[in-house]
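Student: Please take one part of this model and look at it closely. I would like the sheet, with what packs on it and what lies around it.

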Amino acid sequence: MALLGQIAHKVLENASKMNLDDMNILFDKMWEEIEEVYFDRYLREWQPSPVPPISSWKFYFKTRVAAKGLIKARLQDPKNGERTQSVDSQVGRSLSEEYIEDLELGMEGYIDRLVIFPDGIHIYDYKFGQSELNSPEYKIQLGFYSILASRKFGLPVKKA
């Protein structure tokens, strides 16, 4: 499951630079290219043990569909289905897979995506294959990420 999450995260990172029209055309090709790179690495780590094709893994299609849905949701206005301006073009700076540590607090983590605006920060942490995003553990993780990002960039977290 971790490998599927890594593939989905990389696809989302690459897709953050696309517009909706590009994504509809290129998503499958991009997914397959990234999947091949990650799966080849995985096969080398597990040699000589046999590894079934990744498309046969539990949650494979669910994860792939979720990644595509997240991209569409980010690029499309949910109220009327029209294309929206990219978050990054709204005077925000986007960082993907950002490692943040605070030695004073003894906390660290990789935040999937940060968008830093002049007045605050948006934090995105993607969960693939998990049905319960409202769990206490997930809320604690977002709380830690909010503390780390706020301390590092000196801005309040507006959305997590």
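Tutor: What follows goes through the sheet strand by strand, then turns to the cavity and the loops. Keep in mind that this is a predicted model.

Start with the layout. The sheet is open and has 4 strands in the order 1-2-3-4, with mixed pairing. Strand 1 (93-102) and strand 4 (157-159) stand at the edges. Each of these two has a single partner strand, so one side of each is left without a neighbour in the sheet. From one strand to the next, the twist averages 45°. Strands of a sheet pair through backbone hydrogen bonds, either parallel or antiparallel.

Take the antiparallel pair of strand 1 and strand 2. These strands are joined by 9 bridges. Within the pair, Leu95 stands opposite Leu114 in strand 2. Strand 1 and strand 2 form a hairpin with 4 residues between the strands. In that hairpin, Gly106 takes a positive phi near 70°.

Now go to the other edge. Strand 3 (residues 120-124) and strand 4 run parallel, joined by 2 bridges. Here Ile121 stands opposite Val157 in strand 4. Helix 4 (residues 136-153) packs on the sheet. Helix 4 touches strand 1, strand 2 (107-117), strand 3 and strand 4. The direction of helix 4 makes about 65° with that of strand 2.

Next, the empty space. Rolling a probe the size of a water molecule over the atoms shows where empty space is left. The structure holds 2 cavities of 30 Å³ or more. In the largest cavity lies about 40 Å³ of space. Two strands of the sheet take part in its lining: strand 1 and strand 2 each supply at least two residues, as does helix 1 (2-15). Helix 1 gives the most to this lining, with 3 residues. The residues that line the largest cavity are His9, Leu12, Glu13, Ser96, Glu97, Asp112, Arg113 and Tyr126. By class, this lining has 4 charged, 2 polar and 2 nonpolar residues.

Charged side chains also pair up in the model. The count of salt bridges comes to 7. One of them joins Lys29 to Glu33, with the closest N and O atoms 2.7 Å apart. Both residues lie in helix 2 (residues 20-46). Lys29 and Glu33 are 4 residues apart, about one turn of the helix.

Last, check the backbone after helix 2. Most residues other than glycine have a negative phi, and most peptide bonds are trans. The loop between helix 2 and helix 3 (60-75) holds Pro48. The peptide bond from Gln47 to Pro48 is cis, with omega near 0°. Phe59 lies in the loop between helix 2 and helix 3 as well. Phi of Phe59 is near 75°, a positive value in a residue other than glycine.

To return to the sheet: the pairing is mixed, with strand 1 and strand 2 antiparallel and strand 3 and strand 4 parallel. Helix 4 packs on this sheet, and strand 1 and strand 2 help to line the largest cavity.

Technical notes:
Residues are numbered from 1 along each chain as its sequence is written. This is a predicted model: local features need pLDDT of at least 70, side-chain atom pairs count only at pLDDT 80 or more; totals for chains, interfaces and linings use all residues. Side-chain values use heavy atoms; hydrogens and water are left out. Two strands pair if DSSP finds at least two bridges between them. Axes are lines fitted to C-alpha atoms, for helices over the stretch in contact, and angles run from 0 to 180 degrees between N-to-C directions. Contact means heavy atoms within 4.5 Å. On a 1 Å grid over the protein atoms alone, a cavity is a set of points where a 1.4 Å probe fits but cannot get out, and a pocket is an open set with protein on both sides within 12 Å along at least five of seven lines; lining residues have an atom within 4 Å of a point. Grid points are joined across faces, edges and corners, and a volume is the space filled by probe spheres set on the points. Ala, Val, Leu, Ile, Met, Phe, Trp, Tyr, Cys and Pro count as nonpolar, Asp, Glu, Lys and Arg as charged, and the others, Gly among them, as polar. A salt bridge is a side-chain nitrogen of Lys or Arg within 4 Å of a carboxyl oxygen of Asp or Glu.
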